[in-house]
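Please consider the following structure with attention to its backbone geometry, its charged pairs and its enclosed spaces. The discussion begins at a single side chain and moves outward from there.

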Amino acid sequence: MSLLESFKLDDALRSLESVQLAKVSGRLVRVSGMLLESLGCRRMTGQRCNVEQADGSMLEAQVVGFNRDITYLMPFKKPMGLTAGSRVFPARDEALLQIDDSWLGRVINGLGEPLDDLGRLGGRDPLPGELPSVNPLKRKPVSEPLDVGVRAINAMLTLGKGQRVGLFAGSGVGKSVLLGMITRQTKADVVVVGLIGERGREVQEFILHALGPEGLRKAVVVVAPANESPLMRLKATELCHSIAAYFRDQGKDVLLLVDSLTRYAMAQREIALALGEPPATKGYPPSVFAMLPELVESAGNGESERGSLSALYTVLAEGDDQQDPIVDCARAILDGHIVLSRRLADVGHYPAIDIAASVSRCMSQVTSPAHQGAARQLKEFYSTYGKIKELIPLGGYTPGMDAKTDRAVQLAPAIERFLRQETGDAAELAPSIATLQSLVK
């Protein structure tokens, strides 16, 4: 035997060591709602598995917990045709998604699969599967204003590049419309939109009317409507943050819009309760309040001086309750909150922003003292008029008794016109500030 043949034989024998002689699998022993239980084949939490269905197809699931020998799985999609004893195979090492600028203009689900019939997604850079993290001591501070194109926000609640803000409202008071205005009019290089747990009808409407062809060209839309599994809603929300962080680290100004943070919390509540975690506050288990800060902290600016990541989360206040546990938690961990008032929406005041109940915690870092003083004055006039508004028709207000009250009543119509804005109008930052200062003078 020649030396070359000997080398080839050695290579062939070594390759036999990597041949899998048996395919290891577990078996399905129980299905309870969306929770699957299996025995055999040890798996790690977070690992993906494939569950064999009756027609031979594979259902993709993820390990979400275990109890001694029982492993708990949550499927990404609705299970169909599962039987007792169905085989459960550990998934091979999942390949990371590859991303680049070709993702702009695409609509995908929580697994990074395209929903727009435009072909497979390509890319040159790996997209991490876990939430991005930034050392708090190295994070770039918020120092530049962010123009969102909405006069009430630009002038009264000025946001900064890298700020994370909550949009708090009950149902039907214009959250989605305001989100669409901000999406179209914000001066950002890239917009990442997460439509999480909302009505499926709103997806196409948001893309056509809120984004439009121009907006879609610089956007990535991640969709997980209400009929998706809770695990898919979690994955879609986390994928939004990973995509936004990638473009931020490429040196671009990114706006992340998540509608809504409440649906993300509800998805985690479904999973936690199915696993037997005890409810703590209004049915929400403790794990929900641990995951929300982790998610929010993955947004914001990075370590590089170039690029920024601003985030806007809608938060559903059930029954307009501003003390709802998710509302209260979000208010504590975000850099500001914009409250939409049903009282204003009922009288046709749009956007229905209650400037007296809203605050931007970064406004002082990105605005001048003169701008801050004008905003404080207008808010004072607005609050003063709000206290006596109902007394005026009853004759409870007498002009000349208090100069500040007289001034508030005199300016009330102009302030209301200033805070109103049609959905198709754009109000840039500098003109909004100039109008504010001339109004209070």
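Which residues does glutamine 163 touch, not counting residues up to four places away in sequence? In this predicted model, they are Val142, Thr158, Leu309, Ser310, Ala311, Asp335, Ser360, Arg361 and Cys362. Glutamine 163 itself belongs to the loop that runs between strand S11 (159-160) and strand S12 (164-169). Its relative accessibility is 1%, so glutamine 163 counts as buried, the limit for that class being under 20%. Two of the residues it touches also engage its side chain through polar atoms. The backbone oxygen of aspartate 335 lies 2.8 Å from a polar atom of the glutamine 163 side chain, and the side chain of serine 360 makes a polar contact with that of glutamine 163 at 3.0 Å.

Aspartate 335 leads from this loop to a set of charged residues. Its side chain meets that of arginine 164 in a salt bridge, with 3.1 Å from N to O. Because aspartate 335 lies in the loop between helix H8 (325-333) and strand S17 (336-339) while arginine 164 lies in strand S12, the pair ties together parts that are 171 residues apart in sequence. Aspartate 335, at 16% relative accessibility, counts as buried; arginine 164, at 9%, counts as buried too.

Arginine 164 also forms a salt bridge with glutamate 297, where the closest N and O atoms are 3.5 Å apart. Since arginine 164 is in strand S12 and glutamate 297 in helix H7, this pair ties together parts that are 133 residues apart in sequence. Glutamate 297 counts as partly exposed, with 39% relative accessibility. These pairs belong to a network of salt bridges that links Arg139, Arg164, Glu297 and Asp335.

The structure as a whole holds 23 salt bridges. Another of them joins glutamate 52 and arginine 87, whose closest N and O atoms are 3.0 Å apart. This pair links distant parts of the chain, with glutamate 52 in strand S3 (residues 48-52) and arginine 87 in strand S6 (residues 87-90), 35 residues apart. Arginine 87 counts as partly exposed, at 41% relative accessibility.

The enclosed spaces come next. Rolling a probe the size of a water molecule over the atoms shows where empty space is left. How many cavities of 30 Å³ or more does the structure hold? There are 2, and the largest has a volume of about 70 Å³. Its lining comprises 13 residues, of which Leu146, Leu159, Leu255, Ala311 and Leu312 lie nearest its centre. Both S11 and strand S16 (308-316) supply at least two residues of this lining, and S16 gives the most, with 3 residues. In character, the lining of the largest cavity divides into 10 nonpolar residues, 3 polar residues and no charged residues.

The second largest cavity contains about 30 Å³ of space. Its lining is formed by Leu146, Lys161, Lys187, Ala188, Asp253, Val254, Leu255, Ser308 and Ser310. The elements that give two or more residues to this lining are S15 and S16, and S15 gives the most, with 3 residues. The lining of the second largest cavity divides into 4 nonpolar, 2 polar and 3 charged residues.

The backbone itself has several points that merit inspection. Most residues other than glycine have a negative phi, and most peptide bonds are trans. The bond from aspartate 259 to serine 260, however, is cis, with omega near 10 degrees; serine 260 is found in the loop between strand S15 (253-259) and helix H6 (261-274). The bond from tyrosine 350 to proline 351 is also cis, with omega near -10 degrees, and proline 351 is found in the loop between helix H9 (342-346) and strand S18 (359-360).

Positive phi values outside glycine occur at aspartate 117, where phi is near 60 degrees, and at lysine 282, where phi is near 50 degrees. Aspartate 117 is found in the loop between strand S8 (106-108) and strand S9 (125-127), and is exposed, with a relative accessible area of 77%. Lysine 282 is found in the loop between H6 and helix H7 (286-297); this residue is exposed as well, with a relative accessible area of 54%.

Conventions: Residues numbered from 1 in each chain as written. Predicted model: local features only at pLDDT ≥ 70, side-chain atom pairs only at ≥ 80, totals over all residues. Heavy atoms only, no water. Helix = DSSP H or I, 4+ residues; strand = E, 2+ residues; numbered from the N terminus. Buried < 20%, exposed > 50% of the residue type's maximum accessible area, 1.4 Å probe, protein only. Polar contact = N/O pair within 3.5 Å; in protein donor to acceptor, adjacent residues only side chain to side chain. Contact = heavy atoms within 4.5 Å. Salt bridge = Lys/Arg side-chain N within 4 Å of Asp/Glu carboxyl O. 1 Å grid on protein atoms, 1.4 Å probe; cavity = no way out; pocket = protein on both sides within 12 Å on 5 of 7 lines; lining within 4 Å. Points joined across faces, edges and corners; volume = space filled by probe spheres on them. Nonpolar A, V, L, I, M, F, W, Y, C, P; charged D, E, K, R; others polar.
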